[in-house]
Amino acid sequence: MAKVVAAVGQGQATPYAEQLRARLMLRRGMNFAGAAILLGRNPGCDEFVVLNLWMQSVEIMAKALLLLKDYAKYSPKLRNYGHDVARLYRVCLRAYSLNPPRKAMAEELSYLGKLYGWNHLRYASFVDIFIAPESIARDRVLRRAAAVMRLTNRELMKAPPLD
């Protein structure tokens, strides 16, 4: 078994290590999306778990994109953003000088973000009793997440490889 060593406060990461961390986080976020897709194809799967995986994917990809943009600026702030995906999305839009989403998309992300941030997707709660998971709007957010993954992959293919 590999030994995990804590490196907190033991120096500063090199630019290579910073880029590698950001790219690994991005890949991990994409893998959460892949897991959501695969699980969602199984009849009888728990849709709340699928939604949780999607939102975890969105959270991790947003944080990775911020690190790719400016590691030194955003790395100390990531913990402060917590699981607030709507806030992370807004920060990413500003960081990349993108237009804000349309109202319907923003509302959908806000609602999903609240369910995710308040752990209603991870743990059983009264939400399970009162809300059918299939009724939770998600199409706009999932389409946007897929578009971000495609665009990011294209941009990373253009970037010089990490040796």
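Between which two helices does the loop that holds S97 lie? S97 sits in the loop between α5 and α6, and we'll come back to its backbone further down. What you're looking at is a predicted model, with an average pLDDT of 89 over the chain. Here's a quick tour, from confidence to core to a few residues to look up yourself.

**How confident is the prediction?**

- Across the chain, 93% of the residues score a pLDDT of at least 70.
- Looking at the separate elements, α3 has the highest mean pLDDT, at 95, while α8 has the lowest, at 88.

**The nonpolar core**

- The largest nonpolar core has 45 residues, and the members that touch the most others are W54, M55, L66, Y81, L109 and L121.
- Lots of helices chip in: α1 (15-40), α2 (47-69), α3 (71-74), α4 (78-81), α5 (85-95), α6 and α8 each supply at least two residues of this core.
- The top contributor is α2, with 14 residues.
- W54 belongs to helix α2, and it counts as buried because its relative accessible area is 8%, below the 20% cut-off.
- Setting aside residues up to four places away in sequence, W54 touches A33, A36, I37, L142, A145 and M149.
- For a sense of distance, W54 and R23 are 31 residues apart in sequence, and their C-alpha atoms are 18 Å apart in space.
- L121 is in contact with F48, V49, L51, N52, M55, L112, L115 and Y116, if you leave out its neighbours within four places in sequence.

**How α6 meets α8**

- Helix α6 (residues 103-117) packs against helix α8 (residues 139-158) at an angle of about 95°, and their axes are 8 Å apart.
- That angle falls between 65 and 115 degrees, so α6 is roughly perpendicular to α8.
- On the α6 side, the contact is made by A104, M105, E108, L109 and L112; on the α8 side, by D139, R140, V141 and R144.
- Sorted by class, this contact has five nonpolar and four charged residues, with no polar ones.
- L109 turns up twice in this story: it's part of the contact with α8, and it's one of the core members touching the most others.

**α5, tucked inside**

- Eight of the 11 residues of α5 are buried, so this helix is largely enclosed by the rest of the structure.
- Those buried residues are V85, A86, L88, Y89, V91, C92, L93 and A95.
- What do they pack against? Their partners are α2, α3, α4, α6 and α8.

**Two charged residues in α2**

- E59 is found in helix α2 and is buried, with a relative accessible area of 6%.
- Beyond residues up to four places away in sequence, E59 touches G82, H83, V85, L88 and Y116.
- V85 and L88 in that list are also among the buried residues of α5.
- E59 and Y116 are 57 residues apart in sequence, yet 9.9 Å apart in space, C-alpha to C-alpha.
- E47 lies in α2 too, and at 18% relative accessibility it counts as buried because that is under 20%.
- Again not counting residues up to four places away in sequence, E47 touches P133, E134 and R138.

**Loops worth a look**

- Most residues other than glycine have a negative phi, and the next two residues go the other way.
- S97, just after α5, takes a positive phi of about 50°.
- Is S97 buried or exposed? Its relative accessibility is 67%, so S97 counts as exposed.
- N119 has a phi near 65°, another positive value in a residue other than glycine.
- You'll find N119 in the loop between α6 and α7 (126-130), where it counts as partly exposed, at 30% relative accessibility.
- D84 has its place in the loop between α4 and α5, and at 34% relative accessibility it's partly exposed.
- D84 and K114 are 30 residues apart in sequence and 7.6 Å apart in space, C-alpha to C-alpha.

How values were computed:
Residues are numbered from 1 along each chain as its sequence is written. This is a predicted model: local features need pLDDT of at least 70, side-chain atom pairs count only at pLDDT 80 or more; totals for chains, interfaces and linings use all residues. Side-chain values use heavy atoms; hydrogens and water are left out. Axes are lines fitted to C-alpha atoms, for helices over the stretch in contact, and angles run from 0 to 180 degrees between N-to-C directions. Helices (H or I, at least four residues) and strands (E, at least two) are DSSP runs, numbered from the N terminus. Angles under 35 degrees count as roughly parallel, over 145 as roughly antiparallel, 65 to 115 as roughly perpendicular and the rest as oblique. Contact means heavy atoms within 4.5 Å. Ala, Val, Leu, Ile, Met, Phe, Trp, Tyr, Cys and Pro count as nonpolar, Asp, Glu, Lys and Arg as charged, and the others, Gly among them, as polar. A nonpolar core is a set of buried Ala, Val, Leu, Ile, Met, Phe, Trp, Tyr and Cys residues joined through side-chain atoms within 4.5 Å. Buried means under 20% relative accessible area, exposed over 50%, partly exposed in between (1.4 Å probe, protein chains only). pLDDT is the predictor's confidence in each residue, from 0 to 100.
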